[in-house]
Amino acid sequence: MRDNILLTVDHVSKFFYTERSLRKSNQYVRAVDDVSLTIAQGETLGLVGESGSGKTTLARIILGLLEPTSGSISLDGTVGAVFQDPASSLNPRTTIYRSLERPLELHGIKKKDARDIILETAERVNLGKELLDRFPHELSGGQQQRVSIARAIMLKPKLLVLDEPTSALDVSVQAQTLNELLDLQERFGLAYLFISHNLAVVRYMSDRISVMYGGKIMEQGDAASVYSGYKHPYTLSLLSSVPPLHPRDRDRKKYILSGDMPSLSGDQKGCRFASRCKFADEKCFNEEPPVMSLGEDHTAACFHAGNLEF
Ligand SMILES: Nc1ncnc2c1ncn2[C@@H]1O[C@H](COP(=O)(O)OP(=O)(O)OP(=O)(O)O)[C@@H](O)[C@H]1O
Ligand code: SF4
Ligand SMILES: [Mg+2]
């Protein structure tokens, strides 16, 4: 059992109704569909899935920026957020110092105390003091992302939501930023929800992994079980697209998906992955697969999980 659960996402769904779809009530997008997960103190849950699988929608619900259609969120403490594009989250017309001061001001923190917090936080994220008086465009992408991270941790949240925090950065600074995040976590006991479409990056960062497809969690569990003992065909396909980290994984069969994720309209039935799954049978197209327990901390939503030859 994992202790000190900070975040519980309980059967959360988010359906988007477009204007046109309102007329035909079964035409809505099931962006997040019955998702449940937990994150414990100091732990990183990696959320991985291809574009459009619902990762950001789930993050926005957790951050309280979107109301779920159903289900509930419970959070112990506060949560901070870092998004993909640091430049767009900073006001181009104010200095870095001011961008950091503003949220503290909104929390009623006095100027002098704010200054102490800003200087201390800048040091924590390796943001040189001399950068504080500059404007966003005078900073590199990596430096801008440090500002976003500083802003996210200033008010001492227990959980950080990191939505593709390095995908807009140059490859050369990506690894450095990831290592800085790991270091920050170790020093301050932060928990992370780390979102990426890149399973290799998620594997590097995470204690536990949730694999999302079409708004649903396909496979979930501790990182080693999901990465090396995966049981869901979609996880296999995701792994096929990244180079293996370990020699024993080199013989892994390739399973490359073609085509895009199908539309997530409301009237679709059966397994979300069936249209692209080489193991799909008739039942898969007609019934929703249950979440199967495969071990102490390992589940997969597939009728045939555990019985497939990969
Ligand atoms: N405000 C909205 N209105 C209507 N549909 C939306 C809205 N926001 C997201 N969607 C749809 O919900 C689905 C999930 O989108 P989401 O942005 O959560 O995916 P994602 O996994 O974060 O993708 P990416 O990897 O590209 O960031 C997509 O089909 C998207 O078009
Ligand atoms: S339930 Fe069927 S279609 Fe879905 S992943 Fe499993 S085998 Fe494939
Ligand atoms: Mg996204």
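Guide: Two strands pair if DSSP finds at least two bridges between them. Strands are DSSP runs of E with at least two residues, helices are runs of H or I with at least four, and both are numbered from the N terminus. This is a predicted model, in which local features need pLDDT of at least 70, side-chain atom pairs count only at pLDDT 80 or more, and totals for chains, interfaces and linings use all residues. Residues are numbered from 1 along each chain as written, chains are lettered from A and ligands numbered from 1 in written order, and side-chain values use heavy atoms, without hydrogens and water.

Visitor: What makes β3 and β7 a pair?

Guide: Five bridges join β3 (residues 44-48) to β7 (residues 191-196). The threshold is at least two, so they pair. The two strands run parallel. G46 has F194 of β7 as its bridge partner.

Visitor: Why are β5 and β10 called edge strands?

Guide: The open sheet has eight strands, ordered β5-β6-β7-β3-β8-β9-β11-β10, with mixed pairing. β5 (79-82) and β10 (291-295) each have a single partner strand, so one side of each has no neighbour in the sheet. From one strand to the next, the twist averages 20°.

Visitor: What makes α5 run at about 170° to β5?

Guide: Axes are lines fitted to C-alpha atoms, for helices over the stretch in contact, and angles between N-to-C directions run from 0 to 180 degrees. Helix α5 (residues 141-153) lies across β5 and β6 (159-163), and about 170° is its angle to β5. On that scale, the value falls towards the 180 degrees end, so the directions are close to opposed. Helix α9 (residues 233-240) touches β3, β8 (208-213) and β9 (216-222), and makes about 100° with β8. Contact here means heavy atoms within 4.5 Å.

Visitor: How do you know that β1 pairs with β2 and with β4?

Guide: The order in this open sheet of three strands is β2-β1-β4, with antiparallel pairing. β1 and β2 share eight bridges, while β1 (residues 5-16) and β4 share five. Both counts meet the minimum of at least two. I5 stands opposite A40 in β2, and V9 has I73 in β4 as its bridge partner. Helix α2 (residues 55-62) packs on this sheet, touching β1, β2 and β4, at about 120° to β1.

Visitor: What makes the approaches of S53, T56 and T57 to ligand 1 polar contacts?

Guide: A polar contact is a pair of N or O atoms within 3.5 Å; within protein, one must be able to donate a hydrogen and the other to accept it, and residues adjacent in sequence count only if both atoms are side-chain atoms. A backbone N or O atom of S53 lies 3.2 Å from a ligand 1 oxygen. Side-chain N or O atoms of T56 and T57 lie 2.8 Å and 2.5 Å from a ligand oxygen. Each distance is within 3.5 Å, so each qualifies.

Visitor: Which element gives the most to the shell around ligand 1?

Guide: α2 does, with three residues. Among the residues surrounding ligand 1 are F16, A31, E50 and K55, where near means a heavy atom within 4 Å.
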